[in-house]
Amino acid sequence: GNNLITKGVWFLQNAFSIKKKKTTGQYLKQLIASKTKLPPSSIYLADNDYYYTDLEIIKDILKYDMISEKEYESELFDCDDYSQTIYAIFRYVFELNSMGTARQVEIVDALTGQHLNWHRSNIFIAEDAGVLKVFYLEPQNDFIQEITSNEITGIKGFEGKKMILGSFDF
């Protein structure tokens, strides 16, 4: 079993032309804080250096992963499980620690601002057209949107709702 898993990881690592790039945790925190308008204290970093790749590679990986195909099961495999699974795959399989978890994501009605629920998703950095950017990822359907504030709208499957980002773990 272990040999099969090891070979599977090797296959996945070699299936994509991942060119890892490196940035510092300090820069990552500053970049995310500037884009989300949240205080740096809302961003927890476990590492000193962070490895990322191009946005198109991230999209290719997500296109072929099977996480978004998994059926949602309340409390058993729901938003936090989708988020943590993507987080783990990017770290373990692809050795990219720039995929973080977005915690304390508040779902509100886009028109009234009324609180509806809490949510977990992902946030990551990637290079797009030569520029390092911050992106929101909804792992339940692979929806990606560049982050320019702490509010995300237009998410597939969350029509009429707005996500308000609160804190992140990397």
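Begin the tour at Arg103, which is partly exposed, with a relative accessible area of 25%. The model on display is a predicted one.

**Arg103 and its partner**

Add Asp169 to the selection: Arg103 forms a salt bridge with Asp169, and their closest N and O atoms are 2.8 Å apart. Because Arg103 belongs to strand β4 and Asp169 to strand β10 (residues 167-169), the pair ties together parts that are 66 residues apart in sequence.

**The whole chain**

Zoom out to the full protein, which contains 4 helices and 10 strands. Traced from the N terminus, the elements follow the order α-β-α-β-β-α-α-β-β-β-β-β-β-β. The C-alpha trace spans about 50 × 35 × 30 Å along its principal axes. For 170 residues, a compact globule would have a radius of gyration near 15 Å, and the 16 Å of this protein agrees with that. Colouring by accessibility will show that 44% of the 170 residues count as buried. The protein exposes about 9200 Å², of which carbon and sulfur atoms supply 51%. Among contacts between residues at least 6 apart in sequence, 59% join residues at least 24 apart.

**Helix α3**

Select residues 55-64, which form helix α3; the buried residues here are Leu55, Ile57, Ile58, Ile61 and Leu62. Why do these residues lie on the same side of α3? They cover an arc of only 160° around the axis, which puts them on one and the same side of the helix. In general, an α-helix has 3.6 residues a turn, so residues three or four places apart point the same way. Turn to the face of α3 directed away from its buried side to find the exposed residues Lys63 and Tyr64. Next, display what covers the buried residues of α3, including α4 (79-92), β5 (115-128), β6 (131-138) and β7 (143-146).

**The nonpolar cores**

Which members of the largest nonpolar core touch the most other members? Select Ile32, Tyr136, Met163, Leu165, Phe168 and Phe170, which do so among its 26 residues. At least two residues of this core come from each of α2 (25-36), β3 (49-52), β4 (99-109), β5 and β6. With 4 residues, α2 gives the most to this core.

Now centre the view on Leu165 and show its surroundings. Neighbours within four places in sequence aside, Leu165 is in contact with Leu38, Gln104, Val105, Tyr136, Ile147, Ser149, Asn150 and Ile152. A second, separate core has 20 residues, among them Ile61, Ile67, Val93 and Phe94. Ile61 has already appeared on this tour as a buried residue of α3.

**Further salt bridges**

How many salt bridges does a search of the whole structure find? The search finds 10. Select Lys21 and Asp54, a pair whose closest N and O atoms are 2.8 Å apart in a salt bridge. Lys21 lies in strand β1 (residues 21-24) and Asp54 in the loop between β3 and α3, so this pair ties together parts that are 33 residues apart in sequence. Both are partly exposed: Lys21 has a relative accessible area of 21%, and Asp54 one of 24%. Add Glu127 to the selection to see Lys21, Asp54 and Glu127 linked in a network of salt bridges.

Finish at Asp128 and Lys133, whose side chains meet in a salt bridge at 3.3 Å, N to O. Asp128 counts as partly exposed at 23% relative accessibility, whereas Lys133 is buried, with a relative accessible area of 18%.

Key:
Residues numbered from 1 in each chain as written. Predicted model: local features only at pLDDT ≥ 70, side-chain atom pairs only at ≥ 80, totals over all residues. Heavy atoms only, no water. Buried < 20%, exposed > 50% of the residue type's maximum accessible area, 1.4 Å probe, protein only. Arc of directions from axis to C-beta. Contact = heavy atoms within 4.5 Å. Core = buried A, V, L, I, M, F, W, Y, C linked by side-chain atoms within 4.5 Å. Salt bridge = Lys/Arg side-chain N within 4 Å of Asp/Glu carboxyl O. Rg over C-alpha atoms; globule rule 2.2 N^0.38 Å. Areas by Shrake-Rupley, 256 points an atom, 1.4 Å probe, with all protein chains shown as cover.
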